[in-house]
Amino acid sequence: MCARYTLTAEDKEILKAHPLKGIEGYQPDPNIAITDKGLIITSDEPDRIQHMHFGIVPHNAVSNKLTYDTWNIRSEEVMQKKTYRPLMINRKTCLIISDGFIEWKEEADGKDPYHFTVIGRKEKTFCFAGLWSQWIDPETNEPYRTYGIMTTISNETVGKVHTKKRMPVILPRNKELKWLDKNKSIDELLEMCIPFPDSLMVATKLKRDINAVSTKKKPNKGIDLLKPLNTDEGPKQGDLDL
């Protein structure tokens, strides 16, 4: 699925694609994991960027602690799940700003990470299709906003790495605003949840240093985590050789 992704673009690169308010406080992050904050644009407030936590906390949850997988949402099953069905019905859709995601290939001695990025665009960033939710802290009455990534069957590029043959839904630029359109039917929204073209993706093998989730005691957010394995150069098309 997709439990780790990246957003390392500079502010100006993000604003080039999404010239909106709300980016204040943004810090590039090469290792966004569950409960970390990401940059989100919602259907309710499409005119601003918001900072939300990765992993949906349902509005009626007892606490904001995640007790099961709500960071990935299978698009084929979304209307059968009690957590996500109300979000789709109420069009709680969102764009998740990213510039790459991580998947792992199982090897005999461990897991090898691969960084998947999109090519052929003027901007470095792209958007996952997502859903979002708001939980109100009963003690402080403060809102706690969270999001999850829609997933679909993988294309060939991702499928060479991901054994379960899944990938996040990456939206073409011309469909981003359509995903946020509250007037779209559920069927129209789900029709957008398809594999991204192989010809527009690059996979780069990374060091296993990125495998560790960052914590306060052991931070793991260095930009060098995205340096391709065995090279000092940046990622190139065709780096995936399986």
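## A tour from the largest pocket to the ring cluster

The largest pocket holds about 460 Å³ of space. A pocket here is an open set of points on a 1 Å grid over the protein atoms alone, where a 1.4 Å probe fits, with protein on both sides within 12 Å along at least five of seven lines. Points are joined across faces, edges and corners, and the volume is the space filled by probe spheres set on them.

This is a predicted model: local features need pLDDT of at least 70, side-chain atom pairs count only at pLDDT 80 or more, and totals for chains, interfaces and linings use all residues. Residues are numbered from 1 along each chain as its sequence is written, and side-chain values use heavy atoms, with hydrogens and water left out.

**Stop 1: the pocket lining.** Select Val57, Pro58, His59, Asn60 and Thr83. Of the 22 lining residues, these are the closest to the pocket centre; a lining residue has an atom within 4 Å of a point. The lining divides into 10 nonpolar (Ala, Val, Leu, Ile, Met, Phe, Trp, Tyr, Cys, Pro), 3 charged (Asp, Glu, Lys, Arg) and 9 polar residues (the others, Gly among them). Now colour α2 (85-89) and β9 (126-136): each supplies at least two lining residues. β9 gives the most, with 3. Helices (H or I, at least four residues) and strands (E, at least two) are DSSP runs, numbered from the N terminus.

**Stop 2: strand β6.** Move to residues 93-98. All 6 of the 6 residues of β6 are buried (under 20% relative accessible area, 1.4 Å probe, protein chains only), so the strand is largely enclosed by the rest of the structure. Thr93, Leu95 and Ile97 point one way, Cys94, Ile96 and Ser98 the other.

Next, show the neighbours of β6; two strands pair if DSSP finds at least two bridges between them. β3 (residues 37-42) pairs with β6 in the antiparallel sense over 3 bridges. Threonine 42 stands opposite cysteine 94. β9 also pairs antiparallel with β6, over 6 bridges. There, isoleucine 97 has cysteine 127 as its bridge partner.

**Stop 3: the rings.** The structure holds 7 aromatic pairs (ring centres of Phe, Tyr or Trp, its six-membered ring, within 6.5 Å). Select Phe101 and Phe116: they are stacked (planes under 30 degrees apart), 5.1 Å centre to centre with 15° between the planes. Phe101 lies in β7 (residues 100-107) and Phe116 in β8 (residues 110-118), so the pair ties together parts 15 residues apart in sequence.

Then pick Phe126 and Phe128, an edge-to-face pair (planes over 60 degrees apart) at 5.4 Å and 80°. Both are buried. Finish by adding Tyr5, Phe54 and Tyr147, which ring pairs link into a cluster with Phe101, Phe116, Phe126 and Phe128.

Definitions and conventions. Buried means under 20% relative accessible area, exposed over 50%, partly exposed in between (1.4 Å probe, protein chains only).
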